Amino acid sequence: MSRVAFRPVVRTSLALLAGTALTAPLALSAPAAVAGGAAAPYDVTALKVSVRAGDRTCEVDADLYRPLGVDAAHPAPAVMTTNGFGGSKADGSTDAIARAFAARGYVVLAYSGLGFGKTGCPISLDDPEIDGKAASQLVDLLAGTRAANDGTRVDFVTKDKPGDPRVGMIGGSYGGAIQMATAAVDHRIDALVPLVTWNDLSYSLDPNNADRTQGVSDPLPGAYKYQWTNAFFLLGEAQGLLHPGLSLSRAGSAGCLHFVASACRTKRLLDSHQYPADRTRAVLQYARSVSPVAYLKSVQAPTLLVQGQADTLFNLNEAAATYRTLADQGTPVKMIWQSWGHSGGMKDPAGGELDLAKGNLETSYVGQRILSWFDRYLRHQAAAATGPAFAYYRDWMTNGPAYATSSAFPAGGSRRLYLSGDGKLVDDRGEVVRDSGEYRNLRVPTSHSENSLAGMVGFPDPEPYDIEGTYLAWTSAPVQGRPLEVVGAPKLTLRVVSPQAERVQNSSDAANKLVLFAKLYDIAPDGEKTLVHRLVAPARVPDVTRRFTVELPGIVHRYQPGHRLRLVIAASDSAYVGNRGAKRVTVTSAPGDTGMLELPVTQGAVP
């Protein structure tokens, strides 16, 4: 990404997170102009719609796209789309989505979400009771039962019954979670396509990957992901600078300029680096209450989940948790793991991948799946094939289809490797050597996975590293024969000894508990090492006197013949807030009592 002015780069990267250049807002004319001066097959009307959002009333800024030839006698189904965090209806990606579907005969309502662009009300984190109910009132507009502020009424959207328009939703990140929030409170929504979004914000911003029993949620706070959180918070608070003359309805509370009070209190707790039991429980509960994990039970709309493999903000585990919940309750759901996510700038998606800013729906695998999804559930084309249950992008494919598919998730089987005392990963417990290793944390980070802002504003990002004495590592023998393909979330089961952590085990402040960071490297024959997508698993150990399990972030990665796996547990990570105080950690291995790494594998083995 070239180094350009701060404002457009940040708006682009955080808005829909496709890494595209910010384009100029669409000129509102009828018919709309397109490249080359040709008339677009739709016209566009700018609307203001007053909605009730929580305890406030505010105006939503929207554009209504009407395909030519669509009228009351010839209605068409509708698609709603809105921006990612920090963006608006005019963002390049949001605008491109609207144009793409309008050109394909859909009525499209593109709007700036609450607290963004020229839409009023403070930022409320896609709360179903606020953002979801506000979006439901926009569904009323498409149903013709509510008028825009200028008196405009819509009578050209296909209806399943009076007051029930046929409408789907699509968008990414912040524009992805709003879909599930809306569908939870309004069952008139007929289809969803959330891209690169979250399942539980308490995990996204403060992840704990230790001893989870269901999904990504955990009752114990994790390690504060301060770089990502601060970037979004500052962008939210900067809305007054980015959009001068904001409505007074945008004013925040509890000390924040543009956030609702509960969101403000959440940020304040995370910044304190303290986790007192009562306060922490309340704050984490708020973060979960506005997250899909809390209300998916009410989502009935068929959902095509698209999540990015290059994503340290909302990793693949979040989509997997949403998928499992929807599938278990009988909601039609399928899932795609594409290449791009929030990390690395999201620029220039891999060849053949969906590029939202270009609208290449027909020529990309993900785009074709989206079109078929809406053909099936919005156009009611029974013959439209919605594809396999699970598909994933393989970055190593140079010939043939880049996507592999599976009729079920997870795909494949599993392989177990054991942590030997001599620093090896072995596939036979009998080969484990009895020995122990030790590391200590310092008061500054000694390991680096990523600079979360590197791809967003051009910050430098050194290669991942771990400083000797502050981590332990176990390395496999070289892969032989067929490549080893890992698809899913590896799991590490481990026992550690930490006298300092044990002494504060029962502290009323969870911040005193031991934190460690687990990660997997790919070691090439020449010694070059790769931390796949720079992903790590922060773990706040619930009880250092017991064995615990760490679920690592999901990956899709091929270990080529001659390459080795390296498991690392580190004392710290520069992208997270870690341990309070110095803590020595020892890991002991013995044939009958050792750590175990379980890999989800679709092909190959480790000798």
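Start by selecting Arg-281 and Asp-278, which form a salt bridge whose closest N and O atoms are 3.2 Å apart. What you have open is a predicted model, and this pair makes an easy first stop. The two residues belong to helix H9 (residues 277-289), and because they are three residues apart there, about one helical turn separates them. Are they buried or exposed? Both Arg-281 and Asp-278 are exposed.

**More salt bridges**

The count of salt bridges in this structure comes to 25. For the next one, select Asp-63 and Lys-89, where the closest N and O atoms are 2.7 Å apart. Asp-63 sits in strand E2 and Lys-89 in the loop between E3 and H2, so this salt bridge ties together parts that are 26 residues apart in sequence. Now colour the pair by accessibility. Asp-63 is buried, with a relative accessible area of 6%, and Lys-89 also counts as buried, at 11% relative accessibility.

Move on to Arg-547 and Asp-593, a salt bridge with its closest N and O atoms 2.3 Å apart. Here distant parts of the chain are linked: Arg-547 is in the loop between strand E23 (537-540) and strand E24 (548-551), while Asp-593 is in the loop between strand E27 (584-589) and strand E28 (596-603), 46 residues apart. Arg-547 is partly exposed, with a relative accessible area of 31%, and Asp-593 is partly exposed too, at 34%.

Before leaving the charges, add Lys-48 and Asp-61 to a selection of Asp-63 and Lys-89: salt bridges that share partners join these four residues into one network.

**The open sheet**

Switch to a cartoon view and look for the sheet that contains E2. Which strands form it, and in what order? It is an open sheet of 10 strands, in the order E1-E2-E4-E3-E7-E8-E9-E10-E11-E12, with mixed pairing. Strand E1 (42-53) and E12 stand at the edges with a single partner strand each, so one side of each has no neighbour in the sheet. From one strand to the next, the twist averages 20°.

Begin at the E1 edge. E1 and E2 run antiparallel and are joined by 12 bridges; as a landmark, select Thr-45, which stands opposite Leu-64 in E2.

Then step across to E4. Four bridges join strand E2 (residues 56-67) to E4, and these two strands run antiparallel. To see one such contact, select Tyr-65, whose bridge partner in E4 is Val-108. Strand E3 (residues 78-82) is joined to E4 by five bridges, and this time the strands run parallel. Ala-78 is a good marker here, standing opposite Val-107 in E4.

Now show helix H2 (residues 92-103) together with E3 and E4: the three make a right-handed β-α-β unit.

Stay with strand E4 (residues 107-111) for a moment. Why can it be called largely enclosed by the rest of the structure? Five of its five residues are buried, so the strand is largely enclosed. Both faces are covered, with Val-107, Leu-109 and Tyr-111 buried on one side and Val-108 and Ala-110 buried on the other.

**Rings**

Next, display the aromatic side chains. The structure holds 22 aromatic pairs. One of them is Phe-233 with Phe-259, a stacked pair at 5.2 Å centre to centre and with 15° between the planes. This pair links distant parts of the chain: Phe-233 lies in helix H6 (residues 226-237) and Phe-259 in the loop between helix H7 (239-242) and helix H8 (261-272), 26 residues apart. Phe-233 and Phe-259 are both buried.

For another arrangement, select Tyr-323 and Phe-409, an edge-to-face pair with 5.7 Å centre to centre and 80° between the planes. Tyr-323 is in helix H11 (residues 316-329) and Phe-409 is in the loop between strand E12 (403-406) and strand E13 (413-419), 86 residues apart. Tyr-323 is buried at 9% relative accessible area, and Phe-409 is buried at 17%.

To see the rings as a group, select Phe-85, Phe-116, Tyr-174, Trp-198, Trp-228, Phe-232, Phe-233, Phe-259 and Phe-314, which ring pairs link into a cluster.

**Last stop: charges over rings**

Finish with two places where a charge meets a ring. The charged end of Arg-376 sits over the ring of Tyr-377, 5.2 Å from its centre. Then select Lys-529, which lies over the face of Tyr-521 at 5.0 Å from the ring centre.

Definitions and conventions: Residues numbered from 1 in each chain as written. Predicted model: local features only at pLDDT ≥ 70, side-chain atom pairs only at ≥ 80, totals over all residues. Heavy atoms only, no water. Phe/Tyr/Trp six-rings, centres within 6.5 Å; stacked < 30°, edge-to-face > 60°. Buried < 20%, exposed > 50% of the residue type's maximum accessible area, 1.4 Å probe, protein only. Lys NZ or Arg CZ within 6 Å of the ring centre and 35° of its normal. Pairing = 2+ DSSP bridges. Right-handed = clockwise from strand over helix to strand, strands pointing away. Salt bridge = Lys/Arg side-chain N within 4 Å of Asp/Glu carboxyl O. Axes fitted to C-alpha atoms, helices over the stretch in contact; angles between N-to-C directions.
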